[in-house]
Amino acid sequence: MLAPYALGLVGLVLVPAVVTLAMAFADYDLIQAPRWIGLDNFRELASDEIFHAALRNSLVFAAFAVPARLLLALGLALLLHRRAAVVGTARTTAALPSAVPEIAYGLLWLWLFNPLYGPINQLLQIGGGNGLTALGRTPPQWLTDPADAQAAIVAMSVFTIGEMFVILLATRQALPPEVYELAAIEDATGWDVFRRITLPLMAPVLGLLLLRDTILSFQVSFVPVLVVTEGGPPPYGTTNLSLFVYRTGFEYLRYGYAAAATIVMLLLTIGAVALQWHLIRRYRRLYGL
Amino acid sequence: MSLVLADVHAGYGGHEVLHGVDLSVASDELLVVLGPSGAGKSTLLRVVAGLEPATRGRIVIAGRDVTRLRPGRRNVSMVFQSYALFPHLTAGENIAFGLEVRDMPRAAARERARRAAETVGCAHLLDRRPGQLSGGERQRVALARALAREPDVFLLDEPLSNLDQELRVETRAELKALHAAVGRTLVHVTHDQTEALVLGDRIAVLREGRVEQVGTPEEIWRTPATTFVARFVGSPPMNLLPADGPLRGPLPADPAGQVGFRPEAVRFDDPDGPPGTVERVEVIGEDAYAYLRVDRHPVVARMPAADRPATGSTLPVAVRWADAHLFDAATGRRATRP
């Protein structure tokens with residue numbers, strides 16, 4: 001029963017992982033035989049400006065996108081956990097963007113972000129004149145200004161939270177209603193209920209989603225960056241680690257160098273996860289969960 | 001009167017559960033609401049607490065009309081069947097919760113919580129979390145939490161039903177003593193008639209969203225107002241036979257009447273009584289219950305286990321008529337005895 005899964009695990013995960021690890025210490029371009037070069041790849045990464053930009057962009061993305069995605073998913077779950085008139089439609093709407101194929105999703109945003117005829121900037125220009133916003137400012141140059149382009153990538157990511165939303169919705173619905181009824185009898189305010197009851201009771205799941213989304217953050221930003229900004233604005237406005245690895249490996253055929261960058265990515269992820277795991281453990285001990 | 005319900009109707013989604021309940025509870029009284037499941041007992045409690053709206057009628061607590069007030073403004077506290085303790089808070093934090101969210105300073109709230117815990121005997125558990133407590137201990141913490149805020153009315157929704165038999169009997173007695181010590185209005189919901197008879201200053205018997213009878217345990221037992229109360233309170237339930245049936249005493253043999261008598265009132269010492277066939281005998285320690293059939297009517301009799309008849313035997317059946325009741329067969333209401 002387990003054989004197909006084990007086969008997949010070995011063939012698609014374990015073997016590539018071991019090969020990647022080995023290649024990180026080699027020079028390989030698909031044509032000549034791999035050459036063992038020790039830590040040279042890592043030394044080059046340390047002084048590579050493009051890699052630094054990619055690293056910075058990935059960290060900025062994670063720092064903004066992960067909390068924003070989690071908070072938005074939590075907010076929607078708390079807003080839509082009750083039964084009410086339009087809640088069903090609203091839940092579907094919240095989950096739907098995650099079901100759109102990534103490339104199509106990217107192409108859609110390419111149109112949404114178009115500075116001239118894209119609906120986002122059209123909306124922002126309502127009430128303003130001469131192509132300015134109502135506040136008299138130039139609308140964001142989504143795809144040509146580096147900071148605006150970064151914001152665009154984060155904005156794209158906060159709508160694909162369907163899975164997180166569904167998990168948090170289920171978690172909230174599984175909380176015992178009597179606990180909330182008791183809080184109502186004790187006249188707890190909405191803020192007290194959220195802070196003293198909902199948040200602590202949902203914290204284990206929120207912690208888990210935080211870990212998972214941090215791990216995923218290096219991956220979810222790949223397609224948007226590839227399709228919408230192509231790593232730009234030039235030179236490397238939104239180039240992130242996954243795009244760096246992709247280009248270095250599959251466009252410049254520097255497989256060893258790309259593998260070394262992958263290892264750095266992996267170490268970063270492990271570091272972030274270890275830190276969060278530590279914090280979550282401390283929290284759980286605090287509440288004896 | 002500390003709690004008054006006047007013509008209270010309530011229901012969910014077009015289905016009415018309470019059909020005009022009138023009740024008043026004195027300020028130091030322990031009222032037990034007794035009824036089978038589905039009678040609307042919990043709904044009644046939840047309507048008083050404000051967790052469900054009353055679709056009609058008025059609820060008055062300590063002289064204030066609270067019908068339209070939200071739960072937090074009614075000054076009641078509630079013990080849920082599941083206790084509803086916060087799993088992430090210690091027992092002490094659970095007890096102090098209501099005080100702290102009402103902005104009492106933390107130190108003062110903790111002190112009140114400790115005193116409430118001492119009153120119910122769980123002061124040694126304050127630093128533990130619900131997950132580390134037994135069912136009985138959780139029940140105490142829930143009780144202490146209700147006590148800490150000193151509300152006008154305590155509402156207890158089957159608080160003993162999750163305890164095992166021995167603990168239930170023990171806690172029942174403690175609850176009665178606690179109520180005597182605290183001296184406040186307490187409404188206790190249960191489906192357990194023994195619990196109701198032991199605990200209640202008065203009992204309100206609820207059936208399908210209507211109050212069948214309100215009275216002291218003695219009144220409920222001695223003069224049940226309806227055949228429902230007569231049969232629901234008492235185990236095995238009261239025997240009910242047509243008034244013109246095989247067992248006729250000094251009561252009028254009205255074909256529209258029903259006679260009721262408890263198993264204790266059945267005698268076998270009258271040789272002129274109609275014959276009853278013993279179909280089955282249950283022995284419960286010192287007591288025995290004989291299930292007889294008298295001219296196709298089932299009759300249960302209680303006797304000392306030593307005096308029990310053999311299954312299949314036939315005995316002359318008679319009734320101690322001083323302990324018999326007469327009901328109207330059509331309405332089920334108690335008929336006045338001539």
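Which element of chain B gives the most to the lining of the second largest cavity? That is α1(B), with 3 residues. Keep in mind as you read on that this is a predicted model.

**The cavities**

Let's start with the enclosed spaces. Searching the whole structure turns up 3 cavities of 30 Å³ or more. Two of them are set side by side here.

| Cavity | Volume | Top contributor to the lining | Lining by class |
|---|---|---|---|
| Largest cavity | about 80 Å³ | α5(B), 4 residues | 10 nonpolar, 1 polar, no charged residues |
| Second largest cavity | about 60 Å³ | α1(B), 3 residues | 10 nonpolar, no polar, no charged residues |

For the largest cavity, the lining consists of B:Val79, B:Leu143, B:Ala146, B:Leu147, B:Phe154, B:Leu156, B:Leu175, B:Leu178, B:His179, B:Val182 and B:Leu186. Two or more of these lining residues come from each of α4 (135-148), β7 (153-157) and α5 of chain B.

The second largest cavity has another set of walls: B:Leu3, B:Leu5, B:Leu23, B:Val25, B:Leu31, B:Val33, B:Leu44, B:Leu45, B:Val48 and B:Val187 line it. Here the elements giving two or more residues are β1 (3-12), β2 (15-25), β3 (30-34) and α1 (41-49) of chain B. No polar and no charged residues appear in this lining.

**A look at B:Arg184**

Now for a single residue. Where does B:Arg184 sit in chain B? You will find B:Arg184 in the loop that runs between α5 (165-182) and β8 (185-190). Is B:Arg184 buried, partly exposed or exposed? Its relative accessibility is 28%, so B:Arg184 counts as partly exposed, since that class lies between the 20% and 50% limits.

Setting aside neighbours within four places in sequence, the contacts of B:Arg184 are B:Ser27, B:Asp28, B:Glu29, B:Glu150, B:Pro151, B:Phe154 and B:His179. With B:Pro151 there is a specific atom to look for: the side chain of B:Arg184 reaches the backbone oxygen of that residue at 3.0 Å. If you are tracing C-alpha atoms, try B:Asp152 as well, which is 32 residues from B:Arg184 along the chain, with 6.9 Å between the two C-alpha atoms.

The two parts of this report also meet. B:Phe154 and B:His179 are among the contacts of B:Arg184, and both residues belong to the lining of the largest cavity.

Notes
Residues numbered from 1 in each chain as written. Chains lettered and ligands numbered in written order. Predicted model: local features only at pLDDT ≥ 70, side-chain atom pairs only at ≥ 80, totals over all residues. Heavy atoms only, no water. Buried < 20%, exposed > 50% of the residue type's maximum accessible area, 1.4 Å probe, protein only. Contact = heavy atoms within 4.5 Å. Polar contact = N/O pair within 3.5 Å; in protein donor to acceptor, adjacent residues only side chain to side chain. 1 Å grid on protein atoms, 1.4 Å probe; cavity = no way out; pocket = protein on both sides within 12 Å on 5 of 7 lines; lining within 4 Å. Points joined across faces, edges and corners; volume = space filled by probe spheres on them. Nonpolar A, V, L, I, M, F, W, Y, C, P; charged D, E, K, R; others polar.
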